[in-house]
Amino acid sequence: MDKFTNSAWFMRIVAFALAALLFISINFEMESDKKSLGLSTAPEISTETIENVPVEVYYDRENLVVSGVPETVDVTLKGAKSLLINAKNQRDFKVYVDLSDPAISMGDRTVTFKISELNEKLVATIDPEYAEVNVQERVTKEFSVEAEYNSSLLEEGYTAGQPTVSPKTVKITGAKDAIEQISYVKANLEISKGLSETVNAKATVKALDRDLNKLDVTIEPSSVAVSLKVSIPSKTVSIEPKQTGKTKDGIRITSMSVDPKEVTLFGSESDLEKIDEINLPVNISKIDGDTELELDLNKPESVQKMSLGKVKVKIRTEKVDVDEESAEPVVEEEEPETEQKQEEQVVEEEAEKEKDETAAIESKTFNNIQIVPVGIQDDQDAELESDVTSITLLGEADDLKKITKDDINLTVDVSNLDEGTHDVDLAVSVPEGMEWELDSETISVTITQKDEET
């Protein structure tokens, strides 16, 4: 036994066995360490597509304009699944187009998308791979703005003046080719159907080519203030009383007067042209002496509105013998005498009516009535030659006693005035039935631009 253990072959076999055990032990420990660190000898390879990745463009933004670069692209990544998941969740890489070379030429060119800040163990494919872009000189030019609106949305009978814009010009920046294509710069005022009053609103400015296609440019300011004055045409006509029915026996109508004598109608110009007076039917069948009636004034269908809805009618009568009254038709059979008698009666009625009205009319003067400017634009100041004036009212004494300064309104419309001095008509509002007189029906108004705030 000792001889066998002391032999050279025995020692070699033992050494080989120990070496094999040592090798197996070391490899087993290394595999265990890799697994404990999350490492594997054959990592799982996968692919992942990330959509709508933003594209950055590097170029001289002060002097150039670049168009044609898509806002986003799709990126497909390939690599270890753990790295893909992290890249998809973090999106810590960038896709870009580099046009920052100062020597870059103008015009159309093909550029390649590039990716940066991506883990080097991942492989990226960008879709699309290329882009056709256009590089142009950056140009800024000033244009006048034209306001527009849909006139069919106005209330029937109403009209609108020329819309005013503030500011009147804008600065437009873009590629030289795009600036040269600008044919219209418009601010569209959005209004609702049935518009019947003046509108002041903001409107977005658009630059359009001659075919009304919107151009890709930058506009400063992007919106402007638009004022649209809406009004309705008016016409003042006389009120004519028309007798209806038959008077009672023994009563004769000697005069009939209306107060007020006129009414203002509002509607379309074409409809107003056809109206010269408003007929007021007065039923005289129940009249048995001098009386005063308050009657409704019927509005014509073609008229939108009237300045008043009721009027007073004064009726003067006289008593006559029944025999005399019954004899009148016999006399009226002779046409020449009837016409003459009618003319004489009209003259007498007018004379008596004028006499009654002259006696009843008085005047009253109100001093220091405030004049209020209306429609002042935000960027303007309006200075009146005088902000007070005197006005004389004419009417019946009892009515005049009830009127105070608060019942009188004097305004001047400055909404459509440019910078400078203008003579503008005063607008007068007084109680119904009153006539008025002014020393001057116009006033001098000076419009100035406000200083820009710094």
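This is a guided tour of a predicted model, moving from the whole chain to a few residues worth selecting.

**Whole chain**

Start with the full protein in cartoon view. Its secondary structure comes to eight helices and 32 strands. The protein has 454 residues, and 31% of them count as buried. Switch to a surface view for the outside: the protein exposes about 30,000 Å², and carbon and sulfur atoms supply 46% of that area. For the contacts, take those with a separation of 6 or more; residues 24 or more positions apart account for 70% of them.

**Stop 1: helix H2 and Leu18**

Select residues 8-36, which make up helix H2. Leu18 has its place in this helix. Show its side chain together with those of Val14 and Leu21. Val14, Leu18 and Leu21 make a nonpolar surface patch of about 280 Å². Is Leu18 itself buried or exposed? Leu18 counts as exposed, because its relative accessibility is 53% and the cut-off for exposed is over 50%.

**Stop 2: helix H3 and Asn86**

Next, select residues 81-90, helix H3, and pick out Asn86 within it. Asn86 counts as partly exposed, at 40% relative accessibility. Now add Asn119 and draw a distance between the two C-alpha atoms. Asn86 and Asn119 are 33 residues apart in sequence, and the C-alpha to C-alpha distance is 9.9 Å.

**Stop 3: strand E8 and Gln136**

Move to strand E8, residues 130-144, and select Gln136 in it. Gln136 is buried, with a relative accessible area of 11%. That value earns the label because buried means under 20%.

Which side chains have a polar contact with that of Gln136? One is Asn134, with a polar contact of 3.3 Å between the two side chains. Another is Asp177, whose side chain is joined to that of Gln136 by a polar contact of 3.2 Å.

To see the surroundings, show the residues that Gln136 touches, leaving aside those up to four places away in sequence. These can be selected in three steps:

- Asn63, Leu64 and Val65
- Met106 and Gly107
- Ala175, Lys176 and Asp177

Asp177 therefore appears twice at this stop, as a partner in a polar contact and as a residue in the list of contacts, where contact means heavy atoms within 4.5 Å.

**Stop 4: strands E9, E13 and E14**

Select strand E9 (residues 146-148) and strand E13 (residues 184-188); the two run parallel and are joined by three bridges. Glu148 stands opposite Asn188 in E13. Then add strand E14, residues 199-208. E13 and E14 run antiparallel, with four bridges between them. In this pairing, Lys186 stands opposite Lys206 in E14.

**Stop 5: salt bridges around Lys186**

Keep E9 and E13 on screen and show the charged side chains. Side chains of opposite charge can pair when their charged atoms come close. A search of the whole structure finds ten salt bridges.

Lys186 forms a salt bridge with Glu146, where the closest N and O atoms are 3.2 Å apart. This pair links distant parts of the chain, with Lys186 in strand E13 and Glu146 in strand E9, 40 residues apart.

Lys186 also forms a salt bridge with Glu148, and here the closest N and O atoms are 3.7 Å apart. Glu148 lies in strand E9 and Lys186 in strand E13, 38 residues apart.

Color the three residues by accessibility. Lys186 counts as buried, at 14% relative accessibility. Glu146 counts as partly exposed at 43%, and Glu148 is partly exposed at 32%.

**Stop 6: Asp296 and Lys310**

For another salt bridge, select Asp296 and Lys310, with the closest N and O atoms 2.4 Å apart. The pair links distant parts of the chain: Asp296 is in strand E22 (residues 291-296) and Lys310 in strand E24 (residues 310-319), 14 residues apart. Asp296 is partly exposed, with a relative accessible area of 47%. Lys310 is partly exposed as well, at 44%.

To finish, return to the earlier salt bridges: by sharing partners, they join Glu146, Glu148 and Lys186 into one network.

How values were computed. Residues numbered from 1 in each chain as written. Predicted model: local features only at pLDDT ≥ 70, side-chain atom pairs only at ≥ 80, totals over all residues. Heavy atoms only, no water. Buried < 20%, exposed > 50% of the residue type's maximum accessible area, 1.4 Å probe, protein only. Polar contact = N/O pair within 3.5 Å; in protein donor to acceptor, adjacent residues only side chain to side chain. Patch = residues over 30% accessible without salt bridge, like charges linked within 9 Å, V, L, I, M, F, W, Y side chains within 5 Å. Areas by Shrake-Rupley, 256 points an atom, 1.4 Å probe, with all protein chains shown as cover. Salt bridge = Lys/Arg side-chain N within 4 Å of Asp/Glu carboxyl O. Pairing = 2+ DSSP bridges.
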